[in-house]
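Please look through the model below with attention to its aromatic rings, its cysteines and its buried charge.

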Amino acid sequence: MTFLPIVDRELRVAARKRNTFWLRVVAALIALVIGGGFMLLSLLPFGGMTPFGGRGQMGGPMFAVLTWLSLGTALSAGLFFTSDCVSEEKREGTLGFLFLTDLRGYDVVLGKLLATSLRCVFGLVAIFPVLAITQLMGGVEAAQFWKTLLALVNALFISLAGGLFVSAISRDSQKALGGTLLLLLLLVFGGPIADGTMAAVRKHVFRPSFTLASPAYVFLAAGRWRDPTFWPGLLTNQIMVWTLMGLACVLVPRTWQERRTRHSAAQKGWSYAWRYGSVRRRAALRRKLMSRNPVLWLACRERWQSVAVWIITTLVVVCFLGALGASLAWDVPLELWIMWGFVGGALTLMFYLGTASQAGRFFVDARRSGLIELMLAAPLGGKEIVHGQWRALLRLFAVPAILFLCVQLAGTALSQHTTSRFMAAGLGAGANLAFTITIAVASSLVTAANLITLCWFGMWMGLTSKSANLATLKTLVFVWVIPWFVISFGSGLIVGLFMMSTVIPGIKKGGTPNPASMMTWFPLVSVLVTCALSLAKDIFFFAMARRKLYANFRDLAVRAVVPIHFTVPPAVPSPAGTPPVIATPP
């Protein structure tokens with residue numbers, strides 16, 4: 001028998017997939033675009049300086065940007081590539097067939113790990129040559145470079161191992177995605193929070209002990225000069241990786257089947273009532289929504305679909321109230337609101353993730369259960385079906401989304417107002433207030449447009465993707481990730497040209513630039529340019545997804561149920577010629 005046969009097969013299949021090739025090409029192109037942007041910034045005539053320091057130090061900022069983006073991508077790999085790889089086979093009933101053979105749990109787990117990690121590893125390795133260029137640009141040492149590469153690979157594998165572990169104990173795709181997200185947040189932030197709490201209670205300096213288990217801390221330690229905690233942290237992370245892998249190998253053969261117990265019927269009834277509500281609640285909901293749109297009723301039957309979004313909104317409100325109370329109680333408003341910017345941005349990304357996941361889930365589940373065929377056979381048009389799903393998303397997420405946007409508007413306004421008081425105090429209260437309101441409204445407008453676009457594009461991807469996680473990944477990548485890179489590069493280039501056209505001529509004429517004006521106008525111009533580009537992007541993706549869903553819903557749904565493969569028919573052979581007539585002698 002071949003050693004690790006599933007590994008051998010999955011690697012051969014993954015190596016021949018088209019997206020394996022294109023993923024590394026796209027990763028390398030993104031790294032090259034970012035590197036090219038830094039090269040262009042280094043050419044700005046600042047008298048031997050750049051916006052990031054001396055020309056011989058441009059490698060450090062470029063290395064930091066690329067590695068931090070790589071860290072975020074590596075930590076999110078487990079969400080989309082491994083969190084549903086085993087649970088999907090459980091739902092389809094194909095995992096049990098593997099254990100009818102001589103295969104063991106480690107065969108399945110290692111096969112799934114290598115099949116899903118191949119694309120991630122190729123994408124990460126593709127940017128390593130661009131990272132190496134930063135050593136030639138200055139500001140990056142060899143030890144920092146190699147340690148950071150080890151930290152990125154470590155973060156990738158701990159994310160993939162965490163997703164595999166959660167997938168081994170899950171069946172539902174959304175629960176697996178949420179469980180993986182919670183596990184990764186615990187691994188990244190749990191240790192630092194515990195050590196920070198212990199240091200505050202005991203009133204001593206911060207000493208990393210539980211923090212060594214955080215892949216983010218290992219990444220930070222790699223960039224510090226001769227940090228003695230890097231190697232112990234890397235060892236601790238690897239122990240956790242192989243512990244999670246070992247648990248997944250043990251659990252997969254024991255959790256693939258649904259065990260029937262003595263009280264299984266009662267438990268099923270209880271779980272059904274917990275999921276859909278009591279008989280009275282189901283009847284009232286059916287009477288209320290069925291007459292409006294049957295798809296609206298179908299999409300709103302489950303009670304707990306918006307729980308994740310409500311949890312994120314509650315966290316945003318709690319963090320905002322905590323920051324507001326702390327700013328009123330202590331005299332540290334600037335540091336506090338800078339921290340709020342990072343926390344609010346992270347929670348906004350989580351809100352985007354929950355919205356994209358829920359938007360594509362209905363059509364993916366409907367295709368798997370056969371409900372999409374019943375809807376196509378019913379007297380409902382494609383526009384009515386899509387409109388019902390859109391109204392269901394509004395019913396589920398409108399209230400938390402409005403509350404989230406209001407808190408974000410207030411938090412951005414207070415953060416910007418506090419920053420402008422310190423950075424641009426010479427412009428006057430009226431100008432600072434106007435700039436603050438403009439930046440806060442622009443940021444909230446972009447967030448609202450992103451949420452609407454994620455809903456419509458997510459519905460389209462849910463209709464054309466094989467799994468809910470794949471639909472979520474496509475939605476986030478096409479609507480937010482790739483446009484974010486393009487918009488950031490474009491807005492940075494436009495702001496740089498604005499600086500060259502306004503500040504540099506004044507310096508050449510012997511004038512002195514006003515620091516207060518620079519610290520206010522340039523963020524304002526940057527936010528307005530980013531807002532304009534983001535709204536244009538959202539309008540484009542919204543219009544494209546809406547047109548595809550309204551005009552081609554039935555064609556997309558039929559292809560999703562029964563994929564149509566067009567093949568060229570074989571050529572018809574030419575007819576045989578008439579044999580010659582041979583004259584017979586008389």
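The paragraphs below go through ring pairs, charges over rings, cysteines and one buried aspartate.

This is a predicted model. It holds 17 aromatic pairs. One of them joins Phe 230 and Trp 231, with 4.9 Å from centre to centre and 75 degrees between the planes, an edge-to-face arrangement. Phe 230 has 0% relative accessibility and therefore counts as buried, since the cut-off for that class is under 20%.

A second pair is formed by Phe 457 and Phe 541. Their ring centres are 5.5 Å apart and their planes stand at 90 degrees, so this pair is edge-to-face too; the angle needed for that class is over 60 degrees. Phe 457 belongs to helix H20 (residues 429–464) and Phe 541 to helix H22 (residues 515–561), so the contact ties together parts of the chain that are 84 residues apart in sequence. Both Phe 457 and Phe 541 are buried. The two rings also belong to a cluster linked by ring pairs, in which Trp 460, Phe 478 and Phe 540 take part as well.

Rings also meet positive side chains. Arg 24 lies over the face of Phe 122, at 4.9 Å from the ring centre. Lys 383 is placed over the face of Tyr 550, and here the distance to the ring centre is 5.4 Å.

Next come the cysteines. The count of disulfides is 0, where a disulfide would need two cysteine sulfur atoms within 2.5 Å. Cys 406 has 47% relative accessibility and so counts as partly exposed. Cys 531 has a relative accessible area of 10%, which means that Cys 531 is buried.

Helix H16 (residues 307–329) contains Ala 326. With a relative accessible area of 12%, Ala 326 is buried. Its C-alpha atom is separated by 7.9 Å from that of Leu 336, which is 10 residues away along the chain.

The last stop is Asp 195, in helix H10 (residues 173–202). What is the nearest side chain of opposite charge to this buried residue? That side chain is Arg 202, 8.3 Å away, and Asp 195 has no salt bridge. A salt bridge would require a nitrogen–oxygen distance within 4 Å. Asp 195 does have polar partners: its side chain reaches the backbone nitrogen of Phe 210 at 3.1 Å, and a polar contact of 2.4 Å joins it to the side chain of Thr 211. Asp 195 is thus buried without a salt bridge, but its side chain contacts Thr 211.

Note on methods
Residues are numbered from 1 along each chain as its sequence is written. This is a predicted model: local features need pLDDT of at least 70, side-chain atom pairs count only at pLDDT 80 or more; totals for chains, interfaces and linings use all residues. Side-chain values use heavy atoms; hydrogens and water are left out. Rings of Phe, Tyr and Trp (its six-membered ring) pair if their centres lie within 6.5 Å; planes under 30 degrees apart count as stacked, over 60 as edge-to-face and the rest as tilted. Buried means under 20% relative accessible area, exposed over 50%, partly exposed in between (1.4 Å probe, protein chains only). Helices (H or I, at least four residues) and strands (E, at least two) are DSSP runs, numbered from the N terminus. A charge sits over a ring if NZ of Lys or CZ of Arg is within 6 Å of the ring centre and within 35 degrees of the ring normal. Lys and Arg count as positive and Asp and Glu as negative; His and the chain ends are not counted. A polar contact is a pair of N or O atoms within 3.5 Å; within protein, one must be able to donate a hydrogen and the other to accept it, and residues adjacent in sequence count only if both atoms are side-chain atoms.
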